[in-house]
Every structure is written in structure tokens, then in C-alpha cells.
Amino acid sequence: MRNDSMRRKQKENVVSFFPTGEFYYIKGMKALEKRELLKAKKYFSRAMDLEPLEPIIACQLAIVETELGHYEQSNGLLHFVLDELDPHMTECHYFLANNYAHIGSFKEAFRHAQMYLDLDEQGEYKEDAEDLLDLITLDSEEAFEDLSEQDDMMEMQEESRYLLESGNFAKAVIHLEETVKKYPDFWAAYNNLALAYFYLGQSEKAHGVLEDVLERNPGNLHAICNKIVFYFYEKKQEPLAYLADQLAKIQPLIPDQQFKVGATFALIGRYEEAYHWLKKLQKSGFEGEAGFYYWLSYAAHYTGRPQTARSAWKKVLRDNPEKEGLEPWSSGKDESEIERNSEAIVGYLNGERDEERLFGIFLLSLASDHKEVMTHPGFCDIDQLQPHEKIYMADILGMPVDNSLLVEMNTRLAHETALVLYHHFRPLGQQEAGLFLMWFSIFLELQYQKVNLSKPAGLAAAVEYVWRKLRNEPFSQTEAGEKYNVSVSTVQKYAKFIREHLL
């Protein structure tokens, strides 16, 4: 379908592609008009699944990703449109320029803004593109060199962040040491270097890096907060209390710093200070991800503000429905429930078999208090985990993970299938643990065989069916299909793979 016909039909409120794609595209546009961004993303994604070669759909999905703050995902879609679908959709260059400006890649922002103006002199976004160029102010060779240096710093920072989030702490140290050597005043790199040392168990070096930062850049908030976090995990109460009292005297103005301060206070249990900064952010219109609302809910609950706590927790569940039942006002943990038992979770995380460690990471995702598990003296050595285990752990802890790695490791399939099973088998006891260990064994075999079985509900149905058959329990494929809302043929197909490769 040609672009011009697509645009003409849009003006007439009629979209000329196949009905199934049209249905989801229209629903996406309606959701976008209402600012229901998550719904819009879901509908446009479905439309794109059905019409993968339609550039307008991909472009609309990219716009929604930008609105959600997912600039890298948006850029991927926009480059896909220009490289594979329609190189004449010049507006994509403006959208790319806008995204790159948001993430600090000003050289790329300049390049795409200029390209948009060169290709479409009278385009819809002409004035916006010109304003963006004025904002970047690339009007001299010296300014361009400064901008190139800033882009280089941002790229190095992103690379180090990726290494940290994927658990490659040793490589992160090497990369960050090169970064601070090249840019001796790049404080964010020093803070990440301290984190990398700390994760490697080299706490003396980690503290040394932060002390160096605070000596040369007094009042660096991220360094102060990281030092407090280190003291908290090391259970050094006296220096922690002293530094936290110093932090309480600081008045951060930047939203990112206010969130860092609020989250740090919440982590160490100083909820009044945490609530002050997190609620201030919310009132200013700040919309963070689930982690922001998680700490806001805890701070509100422990300061006697139940209405705010419950409202914030609803937003946690919006992105993490598996957290249901783990709210801060929960009546307490039952040690017989594995997902509430730190000792049991740590035991699985240190398991000898791959499937045990994957199950441990899944249990960590369900834990009501991540820090309680992660500060356990027996917590696993993250650096010793397998690459797919590091990716899985980073993902469930809410750390940004490169999408290509998620696709390659396929840990989302492992997690989503386990969540489907958990919906039917909660709380978890030793008997249910066997079912989940069986699933993670199957997942590993799926990865090894490179088999395309990708429906979490279908996999969950087949796993339960085979599990019950092994236990000589009556449970038919029809019952499995009905329970998980999948076809009997899907259960048969997935169960056949399990029998042939696992049993």
C-alpha cells in the first residue's frame, strides 16, 4: 500500500488496509487521543504484527514509545521505517532528532534535524526542527567539537551502564577506568565505577572512588547516595546514620536527584524524608516507572498515608501484576511459602543446576522486599551467574536491558510462562516448586534446541499436563486447554516436545 493513499484515507477517517490491522490501528488512534498510552502501544503493536510492512503503523508505534519515554525503542522503529519500509517518510528524521536530543546524543539530533529540513523544506515540523537546531546551537567548529566530545561521553556511559546491568562487572570496571582516565571530571562514570567495584566485592575500592569524587566534587548527590547504600548493605549503622543526616540537609532541585534522594531514604527505612521528596516529585507531574511508585507506596504506608500508598501501588501493579499480594501493608510473610522465604530464595539462587538458579531469580521477582533477599549474607555471587541468568535478574529488578539481549536470551518467555503458572499455583510450596523446576528445565531445552514454541499460556498448559501425568493424576489435554484458554492442538504440540526432549 502506498503512503499517499494511506494519508488520503486517514483524512477521510478510513484506513485502507486489511480489516484486522485496521481494527487495531483505529483502536490505537483512539487510545492515543485519550492519552491512554499503554493501551495505544498494545493496539499499535498488534496492528504491526498483522501489517508488518505498513510504515504508518510503525511510525505511530514509535510516537507512542517516545511519549512513554522509551526513546531507544522508538529510534529502532523509526530507523526500521526509513531503512526497510519507506525512505521517503521524512518526518521520521524529525522524530529521530527529537529522540536523540532527549537522550543527549546532540550530534545525531543535529544530523537528523538538518536532514529533515533538507529533504522537506516546507514540512509539517519545519519550525520545530529549526527551533531544535537553535537549541543545539551548532554554529561554530569549536561548538561542534564540544558536542562530539559530549556524545562520546554519553556513548561511553551507555556502554558502561549496559555492562553493569548485564552483570559484566569486571568488564565494566575496565571500561569505566578508561572512561575516567579520558574524562577526569565525568562524575557519573566515577559513580558507576564505584558500583562496579562494590558488585565485585571490592568495597574498599568502591568507597575510595566515592571519596575521591566527594573530595573533588563536594556535594555530589549520587556519590553521597551510593555511599549510603553501600553502608546499608554492609550493615554499618553509625556511618550510615551520619551520612543520611547530612543528606537530609541537602535540597536537590533536579527531578532525577530528588528521585535518587527519595529512593535512598526509602531503602534505608527513613520514610518521612523519602515521602517528602517522592510526593514532591509526584505533585510536580513527575511520572516515573514502577520503581518510583514502589518506593512512594512504601514511604506513604510507613508514614500513615494509606490512600497515597494504595494509589501508588495500583501503578506498581499496572506494570508488574505479579506483585499483587506483596504490598507494604501485607499482613506478613509465611515462611512455608517459598516466595516469602528469603532463606529458600537464596538457596535456589545458589543452586548447582541452571534450572534452580532460574527458579531462584523468578522467586526474587515475587519477593515483597528485594533488599531483604539481596542483603542476605548468602546471596549469590552475581558475577558467577550465566549470561542468561544475569540478563534475567537485571530485567526482573527493573534495570534497563538491551532489547537485542532480551530477544537472544528469551528470558521474558521463561518469566511470563512462570507467571502464568504462578497464577494457578500460588502460594508456592515444595510440591509446586517441582512444577516450576520442570518448566525452567524445559525452557533451557527450548533454548538449546532453538525451537519456536513461544506462547506462555500454551507452554504453561503443556507443562502442567505433563507434570500431572508424571504424578499419575487425572488431567486431560482438553482440561489443560480450557484451564489456560488455549487450543487442544497447542497443548498436544507443546506436550509432544516436552516428552521427546525432556523425559
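Helix 22 of this predicted model is mostly covered, with nine of its ten residues buried. The buried positions include charged as well as nonpolar side chains by name, namely H388, E389, K390, I391, Y392, M393, A394, D395 and I396. One of these residues, M393, is also listed with F359, F362, F436, W439 and F440 as having the most contacts inside the largest nonpolar core, a set of 57 residues. At least two residues of this core are supplied by each of helix 19 (342-349), helix 20 (354-366), helix 22 (387-396), helix 24 (411-424), helix 25 (430-449), helix 26 (456-470), helix 27 (477-484) and helix 28 (488-502). Helix 25 provides the largest share, eleven residues. Apart from this core lies another, of 37 residues, which has L37, M48, I57 and L133 among its members.

The surroundings of F440 illustrate how parts of the chain meet in the larger core. When residues up to four places away in sequence are not counted, F440 touches E355, L358, F359, F362, Y392, A414 and A418. In soluble globular proteins, nonpolar side chains tend to be buried together.

At the level of the whole chain, 28 helices and zero strands are found, and buried residues account for 50% of the 503 residues. Of the contacts between residues at least 6 apart in sequence, 56% join residues at least 24 apart. The exposed area of the chain is about 25,400 Å², of which carbon and sulfur atoms supply 49%.

Aromatic side chains form 25 pairs in the structure. In one of them, the ring centres of Y271 and Y302 lie 4.7 Å apart and the planes meet at 20°, so this pair is stacked. Because Y271 belongs to helix 16 (residues 271-283) while Y302 lies in the loop between helix 17 (290-301) and helix 18 (306-319), the pair ties together parts that are 31 residues apart in sequence. The two partners are covered to unlike extents: Y271 counts as buried at 17% relative accessibility, whereas Y302, at 45%, counts as partly exposed. Both residues belong to a cluster in which ring pairs link Y271, Y294, W295, Y298, Y302 and W313.

A tilted aromatic pair is formed by W439 and F443, with 6.1 Å from centre to centre and 50° between the planes. Both residues lie in helix 25, four residues apart, or about one turn of the helix. An α-helix has 3.6 residues a turn, so residues three or four places apart point the same way. W439 is buried, with a relative accessible area of 0%, and F443 likewise counts as buried, at 1%.

Charged side chains also meet aromatic rings. The charged end of R468 sits over the ring of F475, 5.4 Å from its centre, and R471 lies over the face of W467, at 4.6 Å from the ring centre.

Elsewhere in the chain, E65 in helix 4 (residues 55-67) counts as buried because its relative accessibility is 6%, under the 20% limit. Leaving aside residues up to four places away in sequence, E65 touches K41, H70, Q73, S74 and L77.

An unreviewed UniProt entry places the feature "repeat: TPR" at residues 21-54 and 187-220. Residues 21-54 are 79% helix and 0% strand in the model, and the end C-alpha atoms of this span lie 10 Å apart. Over residues 187-220 the chain is 79% helix and 0% strand, with 8 Å between the end C-alpha atoms.

Methods: Residues numbered from 1 in each chain as written. Predicted model: local features only at pLDDT ≥ 70, side-chain atom pairs only at ≥ 80, totals over all residues. Heavy atoms only, no water. Buried < 20%, exposed > 50% of the residue type's maximum accessible area, 1.4 Å probe, protein only. Contact = heavy atoms within 4.5 Å. Areas by Shrake-Rupley, 256 points an atom, 1.4 Å probe, with all protein chains shown as cover. Core = buried A, V, L, I, M, F, W, Y, C linked by side-chain atoms within 4.5 Å. UniProt positions renumbered as here; feature names shortened; annotations may be inferred. Phe/Tyr/Trp six-rings, centres within 6.5 Å; stacked < 30°, edge-to-face > 60°. Lys NZ or Arg CZ within 6 Å of the ring centre and 35° of its normal.
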